[in-house]
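Good morning, colleagues. Today I should like to walk through one structure, taking its sheet, its helix packing and its charged pairs in turn.

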Amino acid sequence: MAAKEKRSQIVRTDRRTLVDTVFAVTRPRPIHPGETVLARRSCAPGRTLLRPGTCSRALFEYCLGRAVSACEVEIHEFVLRDDGYSLVMTDVGGCRPTFFRMLNQMLALAFNRRFAERGALFAPGSYAVTLLESDEVVGEVVCMIAGSFAAPTGTSISSIAHHYGVQSIVRQPQQCFRTGHPERVALALTRPAPLEPPLSDTSARYALRDVIWTLDGAAESGGRPLRRGSGRGAQQHSHRRALIAKVLCHDERPLRRPRALSVRRFVRAHHKARRAYRRGRRDVLFPRGTYQMAMRFGVRVAGEEPS
């Protein structure tokens, strides 16, 4: 009897330790299906994603295709740099934590295996996500790709060569993965909704390229973007983004949601529900947008039916 009580005490202690570990994280962020985000991840000091004469692009696109096939997300554009990557995506199913965890794990394992290295590929705390309004998506896409053009030669790769709605078949790079991974994966970009609604996907893609190349002074260079320095001020960046949105987006600028106020309300409600959950109330209702607690402990979330 004593042994049984001891085992149950150990189980309760382990569960409490796990819960405390989950609670001891940064401020919770609400995650809602359908949000469009700009995500960035930086490499650890001394680690690089792009290396001359290697299959870095194929490796990144393969891992990205695997993560997209497993999660309900839409990729609009991506940029791969030697010190990290950036991408604009729409979180259709509200599962971007799972998506980025899968993508980063595959990238770290593949790069370490391919180049016979050990250690973390990405710097701790370097994961940054910015929510984008509908009128900000096109501007961020153009500025992100144009910034990759301004980088020195061989230090960045963008998705400008891909087409919207056309699947690119990416073969599995050699010496990067163990058995159990498919030989080929499909990767397709999805056109942002505010981008030239009257035009087709192909015409809108060409219009986007023309704006990028024109803004970078490449209109007279045969369609090839010119490399420039990266010294551009925030005022010029804001002016370019406004110009891009005016040229490429035909819909009116929507009313901005009070994002900061809604996030503060979510954090307060989440902390209140979390305190009640730690006191033993397993039926407490967490605010809509709770992800980690719902995935790990199956807590009830407002507005969602119990599974």
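Before the helices are discussed, one definition is needed: an axis here is a line fitted to C-alpha atoms, for a helix over the stretch in contact, and angles between N-to-C directions run from 0 to 180 degrees. Please bear in mind that this is a predicted model.

With that in place, consider helix H2 and helix H3, the latter spanning residues 96-114: their axes come within 9 Å and cross at roughly 150°. The crossing of H2 past H3 is right-handed. On the H2 side, the contact involves residues including Leu59, Phe60, Cys63, Leu64 and Ala67, while H3 contributes, among them, Phe99, Met102, Leu103 and Met106. What is the character of the residues in this contact of H2 with H3? They divide into 15 nonpolar, one polar and one charged.

I turn now to the sheet. It is open and has five strands, in the order E4-E1-E3-E2-E5, paired antiparallel. E4 (128-132) and E5 (156-158) stand at the edges with a single partner strand each, so one side of each has no neighbour in the sheet. On average, neighbouring strands are turned by 15° against each other, direction ignored. Within the sheet, E2 (residues 74-81) and E3 (residues 84-91) run antiparallel and are joined by seven bridges; Leu80 stands opposite Tyr85 in E3. Helix H2 (residues 56-70) packs on this sheet, touching E2, E3 and E5, and its direction makes about 155° with that of E2. Helix H4 (residues 137-150) also packs on the sheet, where it touches E1, E2, E3, E4 and E5, with its direction at about 25° to that of E2.

Finally, the charged pairs. The structure holds eight salt bridges. One of them joins Glu117 to Arg47, with the closest N and O atoms 2.9 Å apart. Glu117 lies in the loop between H3 and E4, and Arg47 in the loop between E1 and H2, so this pair ties together parts 70 residues apart in sequence. Is each partner buried or partly exposed? Arg47 is buried because its relative accessible area is 9%, under the 20% limit, whereas Glu117, at 28%, is partly exposed.

A second salt bridge, between Glu61 and Arg57, has an N to O distance of 2.9 Å. Both residues lie in helix H2, four residues apart, or about one turn of the helix. Glu61 counts as buried at 8% relative accessibility, while Arg57 is partly exposed at 28%. Lastly, Glu35, Asp91 and Arg96 are linked in a network of salt bridges.

Terms used:
Residues numbered from 1 in each chain as written. Predicted model: local features only at pLDDT ≥ 70, side-chain atom pairs only at ≥ 80, totals over all residues. Heavy atoms only, no water. Pairing = 2+ DSSP bridges. Helix = DSSP H or I, 4+ residues; strand = E, 2+ residues; numbered from the N terminus. Contact = heavy atoms within 4.5 Å. Left-handed = near helix turned anticlockwise from the far one by under 90°. Nonpolar A, V, L, I, M, F, W, Y, C, P; charged D, E, K, R; others polar. Salt bridge = Lys/Arg side-chain N within 4 Å of Asp/Glu carboxyl O. Buried < 20%, exposed > 50% of the residue type's maximum accessible area, 1.4 Å probe, protein only.
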